[in-house]
Amino acid sequence: MIDIRDLTLRYPGVTVLEVPELSVAAGSVTYLLGSNGTGKTTLLRCICGIIAPATG
């Protein structure tokens, strides 16, 4: 299971991603949809530990 609470990612001077709450059950299929530049890949990088969030 993936359980995210209050995830925030900041680059110097700007907040680029805010996720108040996200839960994904084990074995489920989940889609991330959105326009270019909305943070889909950035969220996945935070979940995988490639990028360290400021909070969450």
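Is Cys46 buried or exposed? Cys46 counts as buried, because its relative accessibility is 8%, under the 20% cut-off for that class. The model is predicted. Its chain has 56 residues, of which 21% are buried. One helix and two strands make up the secondary structure of the chain, and their order from the N terminus is β-β-α.

**Overall build**

- The C-alpha trace of the chain spans about 35 × 25 × 20 Å along its principal axes.
- About 4,200 Å² of the chain is exposed, and carbon and sulfur atoms supply 55% of that area.
- Of the contacts in the chain with a separation of 6 or more, 41% are between residues 24 or more positions apart.

**Strands and hairpin**

- Strand S1 covers residues 2-11, and strand S2 covers residues 14-24.
- S1 and S2 run antiparallel and are joined by nine bridges.
- Leu7 has Val19 in S2 as its bridge partner.
- The hairpin of S1 and S2 has two residues between the strands, and Gly13 in this hairpin takes a positive phi near 85°.
- Asp6, found in strand S1, also has a positive phi, near 50°, although Asp6 is not a glycine.
- Most residues other than glycine have a negative phi.
- Asp6 counts as exposed because its relative accessibility is 52%, and the cut-off for exposed is over 50%.

**Thr8 and its contacts**

- Thr8 is another residue found in strand S1, and Thr8 is buried, with a relative accessible area of 9%.
- Leaving aside residues up to four places away in sequence, Thr8 touches Thr15, Leu17, Glu18, Pro53, Ala54 and Thr55.
- Among these contacts, Thr15, Leu17 and Glu18 fall within the residue range of strand S2, 14-24.

**Salt bridges**

- The whole structure holds two salt bridges, and Asp3, Arg5 and Glu21 are linked in a network of salt bridges.
- Asp3 pairs with Arg5, with 3.2 Å between the closest N and O atoms.
- Asp3 is partly exposed at 46% relative accessible area, and Arg5 is partly exposed at 41%.
- Glu21 also forms a salt bridge with Arg5, and here the closest N and O atoms are 3.2 Å apart.
- Because Glu21 lies in strand S2 and Arg5 in strand S1, this pair ties together parts that are 16 residues apart in sequence.
- Glu21 counts as exposed, at 56% relative accessibility.

**Helix and nonpolar patch**

- Helix H1 covers residues 40-48, and Leu44 has its place there.
- Leu44 is partly exposed, with a relative accessible area of 44%.
- Ile2, Leu32, Leu44 and Ile47 form a nonpolar patch on the surface.
- Together, the four residues of the patch have about 300 Å² of accessible area.
- Leu44 therefore meets the accessibility condition for a patch, since its 44% passes the cut-off of over 30%.

**Cysteines**

- The count of disulfides comes to zero.
- Cys46 is in no disulfide, and the nearest cysteine sulfur, that of Cys48, is 9.6 Å away.
- Likewise, Cys48 is in no disulfide, and its nearest cysteine sulfur is that of Cys46, 9.6 Å away.
- The pair does not count as a disulfide because the sulfur atoms, 9.6 Å apart, are not within the 2.5 Å cut-off.
- Cys46 and Cys48 both fall within the residue range of helix H1, 40-48.
- Cys46 counts as buried at 8% relative accessibility, whereas Cys48 counts as exposed at 61%.

Conventions. Residues are numbered from 1 along each chain as its sequence is written. This is a predicted model: local features need pLDDT of at least 70, side-chain atom pairs count only at pLDDT 80 or more; totals for chains, interfaces and linings use all residues. Side-chain values use heavy atoms; hydrogens and water are left out. Buried means under 20% relative accessible area, exposed over 50%, partly exposed in between (1.4 Å probe, protein chains only). Patches are made of residues with over 30% relative accessible area and no salt bridge: like charges are joined within 9 Å, nonpolar side chains (Val, Leu, Ile, Met, Phe, Trp, Tyr) within 5 Å. Accessible areas come from the Shrake-Rupley method with a 1.4 Å probe; for residues, only the protein chains shown count as cover. A salt bridge is a side-chain nitrogen of Lys or Arg within 4 Å of a carboxyl oxygen of Asp or Glu. Helices (H or I, at least four residues) and strands (E, at least two) are DSSP runs, numbered from the N terminus. Contact means heavy atoms within 4.5 Å. Two strands pair if DSSP finds at least two bridges between them.
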